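Welcome, and please keep the viewer open while you read. Below is a short tour of one chain, taken a stretch at a time.

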Amino acid sequence: MSENAKLRIAFIHPDLGIGGAERLVVDAAVGIQSKGHNVVMYTSHHDRNHCFEETRDGTLEVRVHGDSLPRDLFGRFYIVFAILRQLALVYWILQNEKETYDIIFVDQLSACVPILKWFCPAQVLFYCHFPDKLLTRRDSKLKELYRVPIDKLEELSTGMADSITVNSQFTAGMFKRSFPSILKKPRVLYPPINFNAYDKKVDLSDPSVQLVESHKKTIVSINRFEKKKNVELALRAFALLVKNDMIPKETFDQYRLVLAGGYDKRVTENVEYLKELDTLATETFGLETYTIFPHTTERPPSTAQVIFICSFNDAQRTYLLDQSMLLLYTPSNEHFGITPVEGMYASLPVIAANSGGPLETVKDKETGLILAPEPELWAQGICDFISLKYDGKTMGKVGREHVKSKFSLEAFADEFEDILEELASGGRPQRKYDNVEFIMRVIMAIVIFIVWYKYC
């Protein structure tokens, strides 16, 4: 694309907080903006004390609309209100900036896609982190009925996007099985990391860094405080090191486990899960804990064995990745999981569950270990790094080179720009096998109808 034909791109994301999806969207926006394209981010909520630095330091332009609407009704109907907040945001765009953009990037919630297609001239790209229908718990018949129209809306609206991308081959497979009516082939666009953001030096003069500083050797787990992230796996494995006498008590006392991640006091699950983890550590395993919130000013006692860091900042992240000796990534069937990539770039060996995205990022016994999500196996894996059965430093070096070759922001931005340029020039040509698939489905439908009509 010529210098005089730069694209105008709007990003629509529900909540610009701290998480893997937010990190991907921010990196995508920064990456494509670095190519000279014009980027504006739209969101229904942006807390400047709970967000990535690029969204508050002027790197990206962020506009907030729809935050006046509630997030839920008596702790229920979160998805309904998320959709309503998104539609309010899109309504503002259509009223005020309908003709402004060439491409609109939508992720997480697809409900607005049909509205944009009907009333806006821009091309729409939908980035699927994972089908939402697979993320919700259906613990009652009422919940199952409640989800039926929402699941159908997700499939219909997602299929209306001009182009669809996903974050891994694993997600591509789940997408295909979840949305059988969508014939478009989603393209895999692996999330990157911005190396510049991870090459910063540790700033020990920063008071927030001093809070997490310790003479102990650190094992770190980075995940949002949500049950599906299975953070207790890291906690149970760490506790088993001493409970099962896998290492001497004196050696165990030289280590600490840091459980860090996104935390929002407005989200009931975050609050309750943190309490559950703290109770598990103190009452079940007898470990000493300490919790650091964004407003905390007091340092943890030196005897604390488990540290919870709720919504860490970039300086704290830099310290943790620089000073830790091992990263534990606990979710199963994670769509992609950017955290192992961050850890490997920081030269940390990684232990991850044997399913989902980490199978595409972590090389077993080369950059870390891929293990079944069982506390005993993870405890043994941790023990093997402590005992030097595995050379963590060598694995870390291999992991860093692996990430540099495959997950750079520059490579991502180049591929992302190619996708956007194809879209702006009329979209990706339909593949021949898309047509074949469509014809086969039509033939199968006709055969089924004939059999039914003749014999039923």
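## Two phenylalanines in a loop

In this predicted model, Phe-77 has a relative accessible area of 38%. Because the partly exposed class runs from 20% to 50%, Phe-77 counts as partly exposed. This residue sits in the loop between β3 and α2, and its backbone is worth a look too: Phe-77 has a positive phi of about 60°, although it is not a glycine.

Phe-74 is found in the loop between β3 (62–64) and α2 (78–96) as well. Is Phe-74 buried or exposed? Its relative accessibility is 79%, and exposed means over 50%, so Phe-74 counts as exposed. Phe-74 also has a positive phi, of about 55°, and it is not a glycine either.

## The sheet

Now turn to the strands. Seven of them form an open sheet with parallel pairing, in the order β3-β2-β1-β4-β5-β6-β7. At the edges are β3 and β7, each of which pairs on one side only. Helix α2 packs on this sheet, where it touches β1 (8–15), β2 (38–45) and β4 (103–107). The direction of α2 makes about 140° with that of β2.

## Strand β6 and its neighbours

Strand β6 covers residues 163–166. Ser-163 and Thr-165 point one way from β6, while Ile-164 and Val-166 point the other way. What is the exposure of these residues, buried or exposed? All of them are buried.

On one pairing, β6 joins strand β5 (residues 123–128) in the parallel sense over four bridges. Within that pairing, Leu-125 stands opposite Ser-163, and Tyr-127 has Thr-165 as its bridge partner. Strand β6 also pairs with strand β7 (residues 187–188), again in the parallel sense, over two bridges. There, Val-166 stands opposite Val-188.

## Crossovers

How does the chain get from β6 to β7? The route goes through helix α5 (residues 169–178), and this β-α-β crossover is right-handed. Helix α5 lies across β5, β6 and β7, and runs at about 130° to β6.

Another right-handed β-α-β unit is made by β5, helix α4 (residues 141–159) and β6. Strand β6 therefore belongs to both arrangements: the unit with α4 and the crossover through α5, where right-handed refers to a clockwise path with the strands pointing away from the viewer.

## Helix α1

Helix α1 spans residues 20–33, which is 14 residues. From its first C-alpha to its last, α1 reaches 20 Å, close to the 20 Å expected at 1.5 Å a residue.

How many of the 14 residues in α1 are buried? Twelve are, and the helix is mostly covered. Among the buried residues are the charged-type names Glu-22, Arg-23 and Asp-27, together with Leu-24, Val-25, Val-26 and Ile-32.

## The annotated region

A UniProt record, an unreviewed entry, places the feature "domain: Glycosyltransferase subfamily 4-like N-terminal" at residues 18–194. Over residues 18–194 the model is 39% helix and 16% strand. The C-alpha atoms at the two ends of this stretch are 15 Å apart.

Methods. Residues are numbered from 1 along each chain as its sequence is written. This is a predicted model: local features need pLDDT of at least 70, side-chain atom pairs count only at pLDDT 80 or more; totals for chains, interfaces and linings use all residues. Side-chain values use heavy atoms; hydrogens and water are left out. UniProt positions are given in the numbering used here, feature names are shortened, and annotations may be inferred rather than shown by experiment. The expected span of a helix is 1.5 Å times one less than its number of residues. Buried means under 20% relative accessible area, exposed over 50%, partly exposed in between (1.4 Å probe, protein chains only). Two strands pair if DSSP finds at least two bridges between them. Contact means heavy atoms within 4.5 Å. Axes are lines fitted to C-alpha atoms, for helices over the stretch in contact, and angles run from 0 to 180 degrees between N-to-C directions.
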